[in-house]
Amino acid sequence: MWSQLFFVSCKAGLPLFPRTIPQFKILWRRLATMKLESSEFQSLFTPGLKCIAELFDNAQYELRIAGGAVRDLLSGVKPQDVDFATTATPIQMKEMFQEAGIRMINNRGEKHGTITARLHEENFEITTLRIDLLTDGRHAEVEFTTDWEKDAERRDLTINSMFLGLDGTLYDYFNGYEDLKNHNIRFVGHAEQRIQEDYLRILRYFRFYGKIAEKPGDHESKTLEAIRENAKGLAGISGERIWVELKKILMGQHVNHLIHLMYELGVAGYIGLPINANFQEFDTVCKNVQNLFPKPMTVLTSLLKVPDDIMKMDLRLKISKDEKNLGLFLLKHRRDLVKATDGAEPLKPFQDFIIDLNNKSREADATSRICELLKYQGEEHLLKEMQQWSVPTFPVSGHDLRQMGISSGKEIGIFLQQLRDQWRKSGYQMDKEELLSCVKKV
């Protein structure tokens, strides 16, 4: 994929774009540029983006792709979401879009410099370049700028601080491209300063380490020390924001290493993880779930010992009802609901459980929970069988029994239970006629 990148020579006083001479004169000392030509990049140029690009060009405002989308494109991946940065202010963008008759949506981001335009059935989120004037570890007061390097400097990690021009030119002020190629995760500038601007960046560091780094344990000591010294700042971050990042960490690579590291650096206690963690279980489950794509809660539950651990975690992280129920289910059944070892049907205990649960409460996600339990237990073969299995429907109803002359509700209930037992013994193969024949015999 790297063969699709071509370096462009940049010398002081020789700008790439005449309209931006004043800005680039002071940037050449650090700026590294190159040219990206790839199918993933070209595929972004939908009718909507072409229209947006023409508007900004005609108004003489610069527009570039920013952040994670640049990282994805350099990795040969088409980004799912594309954010844009511009030298135009929100007011200038609004005037431009209104004059062109382009609809704008979601104005909540306007005070932070973000305008979202919608055209050709696409949303385009475009943010004015910014400088952080004042930060409190959670929020920032910003000032708009036209200096691309200043905006890059306020971002968290070098791999997220690059911009990509719509002509394919990469603008890299902090060696983010080199770090990406070498699978290094580094903060822009001083780690301590970046963390103190927003303590959630501690978790973002772990998240991107699990996304980019090739092996566990390849950290800069000064970065780890900065995290250790500032871990307590996470206490002031909302549980919802923490849970968003923690889930992504749990779905990435090097999960076992990163969670252990959070405990070693004193991070765990501030983000809702149990103080008295079940590391032996966690280590086993991390091996079990490799390549099985478990839900975040499946991995996280292995750290927990008792249901009360989930309740305490929920108070901090505000996990969803489904996530909490999955955790409680895994805690309850991780030992007592296991494959059968005395026959040719190892999956049968799980199938029986699903059918019994469906008969009692019509649990729509019973199969999903069992699949997560199989991942937790490392039963890859049984998981594949379960994913291909369709839950059979009990073929007899109370109406069928009433038609046979059984009118007592109590009797109907007794007969239905007996028929369900018979149906289970048959491996769920008996049909309605066969089952009702048993009633006739009685």
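**Local packing in a predicted model**

Leaving aside its neighbours within four places in sequence, R194 touches E153, R155, D156, F187, V188, G189 and R201. I start with that arginine, and I should say at once that what we have on the screen is a predicted model. R194 sits in helix α8, which covers residues 191-197, and with a relative accessible area of 5% R194 counts as buried, because the limit for that word is under 20%.

From α8 we can pass to helix α10, residues 221-230, since α8 is among the elements that cover the buried residues of α10, together with α9 (201-212) and α12 (255-264). The buried residues of α10 are T223, L224, A226, I227 and N230. Seen down the axis of α10, these residues fall within an arc of 160 degrees, so they line one face of the helix. As a reminder of the background, an α-helix has 3.6 residues a turn, so residues three or four places apart point the same way. On the other side of α10, S221 and K222 are exposed.

Now to the strands, and to β11 in particular, residues 169-172. Which residues of β11 are buried on its two sides? On one side they are T169 and Y171, on the other L170 and D172, and both faces of the strand are thus covered. In general, the side chains of a regular strand alternate between the two faces of the sheet. Strand β2, residues 32-36, pairs with β11 in the antiparallel sense over 4 bridges, and within that pairing A32 stands opposite D172. Strand β10, residues 163-165, is also antiparallel to β11, over 2 bridges, with F163 having Y171 as its bridge partner. β10 and β11 form a hairpin with 3 residues between them, and in the turn G168 has a positive phi of about 95 degrees.

Positive phi also turns up at residues that are not glycine, and I would like to set two of them side by side. N291 has a positive phi of about 70 degrees and lies in the loop between α13 and α14 (296-301), where it is exposed, with a relative accessible area of 68%. Y428 has a positive phi of about 65 degrees and belongs to the loop between α21 and α22 (432-441), but Y428 is buried, at a relative accessible area of 12%.

Each of those loops follows a helix that I want to show you. For α13, residues 279-288, the axis comes within 7 Å of that of α18, residues 366-377, and the two cross at roughly 105 degrees. At that angle α13 is roughly perpendicular to α18, because values from 65 to 115 degrees are counted that way. The contact brings E281, V285 and N288 of α13 against K375, Y376 and Q377 of α18, and its residues divide into 2 nonpolar, 2 polar and 2 charged.

Last comes α21, residues 409-425, the helix that holds L419. Is L419 buried or exposed? L419 is buried, with a relative accessible area of 4%. Apart from neighbours within four places in sequence, its contacts are F394, V396, L401, L435, C438 and V439. The C-alpha atoms of L419 and K432 are separated by 9.8 Å, and the two residues are 13 apart along the chain.

Terms used:
Residues are numbered from 1 along each chain as its sequence is written. This is a predicted model: local features need pLDDT of at least 70, side-chain atom pairs count only at pLDDT 80 or more; totals for chains, interfaces and linings use all residues. Side-chain values use heavy atoms; hydrogens and water are left out. Buried means under 20% relative accessible area, exposed over 50%, partly exposed in between (1.4 Å probe, protein chains only). Contact means heavy atoms within 4.5 Å. Axes are lines fitted to C-alpha atoms, for helices over the stretch in contact, and angles run from 0 to 180 degrees between N-to-C directions. Angles under 35 degrees count as roughly parallel, over 145 as roughly antiparallel, 65 to 115 as roughly perpendicular and the rest as oblique. Ala, Val, Leu, Ile, Met, Phe, Trp, Tyr, Cys and Pro count as nonpolar, Asp, Glu, Lys and Arg as charged, and the others, Gly among them, as polar. The arc is that of the directions from the helix axis to the C-beta atoms. Two strands pair if DSSP finds at least two bridges between them.
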